[in-house]
Amino acid sequence: MSSVPEIDLSSALRRLRELKPLVHNITNDVVMNVTANALLAVGASPAMVHAPEEAAEFARAASALVVNIGTLTAAALDAMLLAATSAARHGVPWVLDPVAVGVTPFRRTAVARLLEHRPAVIRGNASEIVAIATGDPAGRGVDADVASAEIADVASALARKSGAVVAVTGAVDFVTDGARTVAIANGHPLLTRITGSGCTATALVGAFLGARCAPFEASATALVLLGLAGEHAATGAPGPGTFQVRVLDELAAITPEALAAGARITRG
Amino acid sequence: MSSVPEIDLSSALRRLRELKPLVHNITNDVVMNVTANALLAVGASPAMVHAPEEAAEFARAASALVVNIGTLTAAALDAMLLAATSAARHGVPWVLDPVAVGVTPFRRTAVARLLEHRPAVIRGNASEIVAIATGDPAGRGVDADVASAEIADVASALARKSGAVVAVTGAVDFVTDGARTVAIANGHPLLTRITGSGCTATALVGAFLGARCAPFEASATALVLLGLAGEHAATGAPGPGTFQVRVLDELAAITPEALAAGARITRG
Amino acid sequence: MSSVPEIDLSSALRRLRELKPLVHNITNDVVMNVTANALLAVGASPAMVHAPEEAAEFARAASALVVNIGTLTAAALDAMLLAATSAARHGVPWVLDPVAVGVTPFRRTAVARLLEHRPAVIRGNASEIVAIATGDPAGRGVDADVASAEIADVASALARKSGAVVAVTGAVDFVTDGARTVAIANGHPLLTRITGSGCTATALVGAFLGARCAPFEASATALVLLGLAGEHAATGAPGPGTFQVRVLDELAAITPEALAAGARITRG
C-alpha cells in the first residue's frame, strides 16, 4: 500500500455507492454490455443512449457523461456532440475516451470537435494521448505502443493545454492535471487480454465524476479500483474468460477500506 | 411452492423445448448478446435482425417477435414498425419492452406508434408501465421507482385499454390481462445488479409466445423461470459477474418439474 | 488424435502468437464483444471498425479482414464493400461469414456483391453454403438444416467456382479448396447452445490468415482450435453460460503441442 494524502479513495467509493449516480454513456458497440455491467457492479446507474434525438436531454439529466469513440459513426458523433454541448451547458462533468484517435482522420477530426466542449477528463492509452497532444498519428489502433513512463510529460502538457485532467493507462497509469501527477501501479496483465478494459476504466471515471468527485480524484480512484479488481480477479483465474467475469464480481465486492489498503499510488 | 391452477408451467416449458421456436428480436445494443444467449439456453432459436430492408420478412417467418426500445434510433424504429405491422398481419404474437419510455418524447412517441400494432404482451418495470398508462413521465431511465405492489391496478387498467397482457417486473412481479392478475415472488436482488435482466424477461416472454402459449401464460411462465434461475444462480455466487453466467446455466438446466416446484405464484 | 500431413497446426498457432496480427472486423452487433475477446484470447489484436468513413483505411492497415453479415444494415454493407475492395487491392486476405444468407433477398444480394471482391475463405453452416452454391434459399436463419456429411461436395464445387476456400461447420466440419477436403471432428454440442460460435470460428480463421497461414491451413487450424477449446471447456461445465466463459480461457491456454495432439482431422 501507498497513498497520496489529498486523494481520499475510501470516501470517493463510499459516496459513489450512496449516490448511485446516473451515468449517461455514448460508447462503442463492443463494450456497451461490459461497461454497463461494470457501472452496475460498482454501484452506479448506467444509461446507454446514443440517438441524436434524445442525447442532449439524457446528458442534461445525468450526473455524468461518458463519450467513447471506439466504433465511431457519423450518427454517433452527432449524438456525442449534442450530449457534450448539453453537458457543458448544464454543468454535467464528462469524460472522453479517444479510442484509436491517431489512426484515421475521421477520428482525429471527431476528437478535435469533442475537445471544444471541454471534457473534465481525457482517458486514453499512451498512443492515444500522444496522438492528441502532438497531432502525430501514433500506434496501431487501441494498443499502447509508447512506454507509459515516458508519457507523463506529454500528458501533463496536454492537461495544461486542454484544461482537462489526463489519465493515461498502461503497465503503470498516470493521472495529471498539469500541475500534479500521480502514478498508479495497480493492475494485472490479464486486463490486456480482455476487450474493454480501457473503456471500463473510462466508464468508472464517469461514475466517480457522477459521485461529485473532482476530476483528478475521480480519475485516480477509478484507475486504482479497476487495477485492484484486476489483481484480485487474476488470483487463480484459469484464463481471460473467467478473469473478466471475476472483475465484475470484484467491482461489487471491494470495500472502501480495501480500496485504500490495496492502492499503489504515488506522486509521479 | 405455490401455484395458480390455470397456468401449467411445466407444460409450457416442455413445449418450448420441443418446438424450439424461432424468435425474432429487434432489441437494444446493450443486451443483444445476453438475450440471444438466454434464448438459446432456454431452448429457443433467436434471430437478431434489425434492418428495415428485411424486418417484415423475418417477423412473418418467426414464431414470435420481441421489440425492445432500449437503444432506440430512428432507423431501428422504422424496422420495429415494419416488423410489428408484419407480425400483426400474419398472426405472429409479439411483446413490447418500452425501456425508459417516460424519459423522452422520442420514446413516448415511439411507444405510442408501436402500441397501434397490438402487442400480445407489454413487459416493463413499474415506472415504464405508469408512464404508458398515465402519459406522465415517470422515473429515471430504466429504474423502477414505483413500488410494484401499488402498480397492479394501473397495469390492469392498461391491459383493459390496450388489449395486451401487461407484465410488470420488480421485487414482486405482476401479470394481468385486465380481468385476472397473478403475483410472482420469484427472483433475487442480484438481478438488479446486472444489465439486461428486464430485457431477458421480455425475450423469454417472446420464447413462450413462440411456443404457442397464450399471452397470460407465456408472461407468467417466463417471469417465474427467470426469477427461479436467479434464485438458483445466486446461491454461492461471489458477485454479479459470476451470477450472470450462472443465470444462463440455470435457464438451460431447470426442468419442467423443477419450474413448477419452485414457482411462487399467487393470485394478485 | 489424427492428422493431415500438410497442415502444421502447431506452427500455425505458434506463428499467430508471435505475430499478434491486427484483425479488422466488420461483424454483427450480437457477437462483437465475444469475437473481440476470442481474438484477444488466442493472441491476435482485434479492431472492430464499421464506419464507411474509415473502413478502407483500417482494412489496408490490417493483417486480415473479417466480414460477417449477421446484423446487416445498408450502412454496414457500404463499409464491408469498401473494406473488401481495399483488402483485395492491398493483398490483405479476408474471410466472409454469410450469416443467414438464404433467408432474405437483402442478404443474398449483399453476399453476391461481397463475393466479387474475392474472399480468401467463406465460412458458413451447411444451410448458408448451400444457399450460396445453389442460389436456393435454405434453412431457417442461422441454423444448419443440412447434414454436414452431404455438404462436402457442394462446398467443393463452390470453392472451385469462387476461388475461395470453403469452411462448413456442423457436427463435423469440412474445409475444402475444391481439390482437397479435410473433415474435422473436434467440437461439442454446447457450442450450439451459445451465440456466436460460428462467428468466432470465422474470426479465428481471420486471425490465422493474419498470421500468414494459407487459406486452407488457416481455416482448418481455426476450426480444430475452436472445436478443441469447446471439448475442454465442456468438461464439468454446468451449462452454456459457464461453458462460454471457459471457451475463452481455453483459447488462451491451448498450446501448439496440445492443439496438434488433440486434433481430430482427416482427409474428407
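1. Let's begin with how the copies sit relative to each other. In this predicted model, a turn of 120° and a shift of 0.0 Å along the axis lay chain A on chain B, with an RMSD of 0.0 Å. The two copies are thus related as by a three-fold rotation axis. If that way of talking is new to you: two copies of a chain are related by a rotation about an axis and a shift along it.

2. The next pair is worth checking too. Chain B superposes on chain C with an RMSD of 0.0 Å, through a rotation of 120° and 0.0 Å of shift along its axis.

3. Which residue of chain A comes closest to the rotation axis? Look for Asp29(A), whose C-alpha is at 4.0 Å from the axis. In chain B, the residue that comes closest is Asp29(B), with its C-alpha at 4.0 Å as well.

4. Now for the surfaces where the chains meet. Only 12% of the interface residues of chain A are also interface residues in chain B, so these copies meet through different surfaces. Going from chain B to chain C, the shared part is again only 12% of the interface residues of chain B, so there too the copies meet through different surfaces.

5. Zooming in on chain A, you can find 11 helices and nine strands. The radius of gyration of chain A is 16 Å, close to the 18 Å from the globule rule for 268 residues, so chain A is as compact as a globular protein of that length. If you want dimensions, the C-alpha trace spans about 40 × 35 × 35 Å along its principal axes.

6. How much of chain A is buried? Buried residues make up 70% of its 268 residues. Contacts tell you something about the fold as well: taking those in chain A with a separation of 6 or more, 73% are between residues 24 or more positions apart.

7. The strands of chain A deserve a slow look. An open sheet of nine strands runs in the order 2-1-3-4-5-6-7-8-9, with mixed pairing. Strand 2 (45-48) and strand 9 (265-267) of chain A are at the edges with a single partner strand each, so one side of each has no neighbour in the sheet. From one strand to the next, the twist averages 20°.

8. For a pairing you can trace yourself, try strand 1 (residues 22-26) and strand 3 (residues 64-68) of chain A, which pair in the parallel sense over four bridges. Ile26(A) stands opposite Val67(A) of strand 3. Helix 7 (residues 152-162) of chain A packs on the sheet, where it touches strand 5 (121-125), strand 6 (165-169), strand 7 (173-176) and strand 8 (181-184). The direction of helix 7 makes about 30° with that of strand 7 of chain A.

9. Over in chain C, Glu6(C) lies in the segment before helix 1 (9-19). Is Glu6(C) buried or exposed? Glu6(C) is exposed, because it has 11 other C-beta atoms within 10 Å, and 12 or fewer counts as exposed. Glu6(C) and Ala263(C) are 257 residues apart along the chain, with 14 Å between their C-alpha atoms.

10. Last stop: helix 1 of chain C packs with helix 9 (residues 215-234) of chain C at an angle of about 90°, the axes being 10 Å apart. That makes the two helices of chain C roughly perpendicular. At the meeting place, Leu9(C), Ala12(C) and Leu13(C) in helix 1 meet Glu217(C), Thr221(C), Val224(C) and Leu225(C) in helix 9.

Methods
Residues numbered from 1 in each chain as written. Chains lettered and ligands numbered in written order. Predicted model: local features only at pLDDT ≥ 70, side-chain atom pairs only at ≥ 80, totals over all residues. Least-squares fit on C-alpha atoms with pLDDT ≥ 70 in both. Contact = placed C-beta atoms within 7 Å. Pairing = 2+ DSSP bridges. Axes fitted to C-alpha atoms, helices over the stretch in contact; angles between N-to-C directions. Rg over C-alpha atoms; globule rule 2.2 N^0.38 Å. Buried ≥ 20, exposed ≤ 12 C-beta atoms within 10 Å, placed from the backbone. Parallel < 35°, antiparallel > 145°, perpendicular 65-115°, else oblique.
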